[in-house]
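Please take a moment to look over the sequence and the model, and then follow the paragraphs below from one part to the next.

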Amino acid sequence: MRKYQKYAAALLSLLLILLMPVQVFAAGPIEAEKEAELTLVYCDDDIPLTNVDFNIYQIAAAASSGELILNETCSDYISELPTHDAEQWKALAFTLEGYVLRDKLKPADSGSTDREGVLTFPAEKESLEHGLYLVTGSRCWRNGCYYDAQPFLIMLPAIDTEKNVWDYAVECRVKFDKLPDVSGDEVNHITRKVLKVWQDEGHEDLRPASIEVQLLCDGEVYDTVALSAGNSWRHTWRGLEADHVWKIVEKSIPGNYDVSASKEGITFVLTNYFTEDIDEDEPPLEQPPEEEIPGDDTPAAPPPSEPQLPQTGQLWWPVPALLAAGLLLIVFGLIRRRGEHES
Amino acid sequence: MRVKRGSVPIILGLLLIAAALCVAVYNVWENRSAARHSEEAVSVLTGQIPEEPSALPLEDEAASGGEVEIPDHILAPDMEMPVLPMDGMDYIGILELPALDLTLPVISEWSYPALKLAPCRFSGSAYQDDMVIAAHNYRTHFSRLSELPEGSRVTFTDTDGNHFDFEVALKETLPPTAVEEMTSGEWDLTLFTCTYDGRYRFTVRCERLTGE
């Protein structure tokens, strides 16, 4: 299964890279009047996964140049879109899915796969605005296994790298997690862990003392826990019912940080990245040049002291030194005293 | 009253000898205190650290129905090292130097008061193979570091019970200003302490033993 997942991950990564607007300007502007559509194919090899609900949420609007402008709602969850790293896009989709479920955001469109396992958007709506979309699917059961569609982000229209033109009819295969359905067996409880990772080297002082993580059960908040250095920034939930979908979100994202979630095995990894909060409108402060004062002989300030390794030695060297000096003084005193006696 | 000739240097000499004795007694007391504290901390930590990590090995995935617990440090090597608090200090694990018959606790962050109790992490992480541990040159801490033969085994056990085995690869002496060289991350584990005169840092570089 792991092999299959790796294969599917590679396919999705390739798809994401191909569909992202890498060569926006080479492909020319996006035609605003031309409608875009998205076709999802949801099959396990040649077995179609039918009647599965999918939602798409618009994350960013696309300008005719291909530039993406984050929606106001989504800018509460992320401050910027990643570069062309496929893993980052995958993590962003996973992160956003938790928030859209928790906050019950209204999807841009919804639909279900047909008997061929195919679904085309727009489904309920007449048209889709050009932009970046988050695609999420619900859980389905087939042949003793459950399938959880993996969320992903897709650009509409997408760039066709072979022809170097905008593709307005995008088709993609949906990746999924396939696991045996243990809900009817004796083992009907599962464990989920969350682990917080900080990517803020040099800015640890700005890190909050604790953060709150919410465990979602089928999109509803089930539990909230505080993570801190005291619990090594992690928590384990045991005895969770296996036939529910469990996800996590960071309750509120600390200022100066972006959050990214991922899941491997039973563990959710929540990573907070430090983001420089720079006001681009404000010009950088310029230091006025130091004026030389004629006749001023004041020495310049000493350079900052060089960092040093800690002093990890016990003070033993004074012991023989003090002993030797003491003995010398005593001998000297005795000689003087003896000289006095003799005189 | 007439002071006897030669009395002043004799008194001064006696005072200096007394001062030397005071320094020696203080050092011995500090040494013993550090030894006692380290011994107690190791005893408590050994009771709290699981003998084996709780996470399932990856090959058990099929048997567990896909519910695999990947060890945290493998999943996210950049995670904070977990700690066990004790007497106001956070400990990240136990360091073993069998060649010197030493088993020592390791405190998460270094400070001078912490160094008086136990070896401390100076920088890095065992999960990223760049950990640097500093300790005083107490007899029961790192004073015999220079006696560690090259190729001898060093083991670090974190508070989750994960074992990290190393081999002594190089011994060197660095100046106290060599912070960058000490923490360059070129070595999987580094141990250091002051030389006898306190002017340099005696340093042991270790390589991680893999596939065990």
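Which residue of β14(A) is the bridge partner of Leu40(A)? In this model, which is predicted, the partner of Leu40(A) in β14(A) is Cys172(A). The pair belongs to a wider connection, for strand β1 (residues 37–41) of chain A is joined to β14(A) by five bridges, and the two strands run parallel. Strands of a sheet pair through backbone hydrogen bonds, and such pairing may be either parallel or antiparallel.

If you now step back from this pair, you can find the sheet to which both strands belong: three strands of chain A, in the order β7-β1-β14, form an open sheet whose pairing is mixed. The edges are taken by β7 (118–121) and β14 (169–173) of chain A, and because each of these has a single partner strand, one side of each is left without a neighbour in the sheet. Going from one strand to the next, the twist averages 15 degrees.

The sheet is one part of chain A, which has three helices and 22 strands. Of the 343 residues in chain A, 31% are buried. When contacts in chain A between residues at least 6 apart in sequence are considered, 70% of them join residues at least 24 apart.

One of the helices deserves a slower look. Helix α2 (residues 86–102) of chain A has 17 residues, and from its first C-alpha to its last it reaches 25 Å, which is close to the 24 Å expected at 1.5 Å a residue. Several residues of α2(A) are buried, among them Trp89(A), Leu92(A), Leu96(A), Tyr99(A) and Val100(A), and the buried residues also include Lys90(A) and Glu97(A). After the helix comes Lys104(A), whose phi is positive, near 50 degrees.

The helix also has a part in how the domains of chain A meet. Chain A is divided into domain 1, covering 24–181, and domain 2, covering 182–276, and the C-alpha centres of these two domains of chain A lie 24 Å apart. Between them, 15 residues of domain 1 of chain A are in contact with 18 residues of domain 2 of chain A. On the side of domain 1 of chain A that touches domain 2 of chain A, the largest share comes from α2(A), with nine residues. By class, the residues of that side of domain 1 of chain A divide into seven nonpolar, three polar and five charged.

We can now turn from the inside of one chain to the place where two chains meet. The contact between chain A and chain B takes 44 residues from chain A and 51 residues from chain B. On the side of chain B that touches chain A, at least two residues each are supplied by α1 (7–48), α2 (72–75), α4 (179–182) and β8 (189–194) of chain B. Of these, α1(B) gives the most, with 14 residues. That side of chain B has 28 nonpolar, 12 polar and 11 charged residues.

Last, consider a single residue of chain B. Met86(B) is found in strand β1 (residues 84–86) of chain B. Is Met86(B) buried or partly exposed? Met86(B) has 18 C-beta neighbours inside 10 Å, and therefore counts as partly exposed, since a residue is buried if 20 or more lie within that distance. Leaving aside neighbours within four places in sequence, Met86(B) is in contact with Ala41(B), Val44(B) and Tyr91(B).

Definitions and conventions:
Residues are numbered from 1 along each chain as its sequence is written. Chains are lettered from A and ligands numbered from 1 in the order in which they are written. This is a predicted model: local features need pLDDT of at least 70, side-chain atom pairs count only at pLDDT 80 or more; totals for chains, interfaces and linings use all residues. Two residues are in contact if their C-beta atoms, placed from the backbone, lie within 7 Å. Helices (H or I, at least four residues) and strands (E, at least two) are DSSP runs, numbered from the N terminus. Ala, Val, Leu, Ile, Met, Phe, Trp, Tyr, Cys and Pro count as nonpolar, Asp, Glu, Lys and Arg as charged, and the others, Gly among them, as polar. The expected span of a helix is 1.5 Å times one less than its number of residues. A residue is buried if 20 or more other C-beta atoms lie within 10 Å of its own, exposed if 12 or fewer, and partly exposed in between; C-beta atoms are placed from the backbone. Domain bounds come from an automatic or database domain assignment. Two strands pair if DSSP finds at least two bridges between them. Axes are lines fitted to C-alpha atoms, for helices over the stretch in contact, and angles run from 0 to 180 degrees between N-to-C directions.
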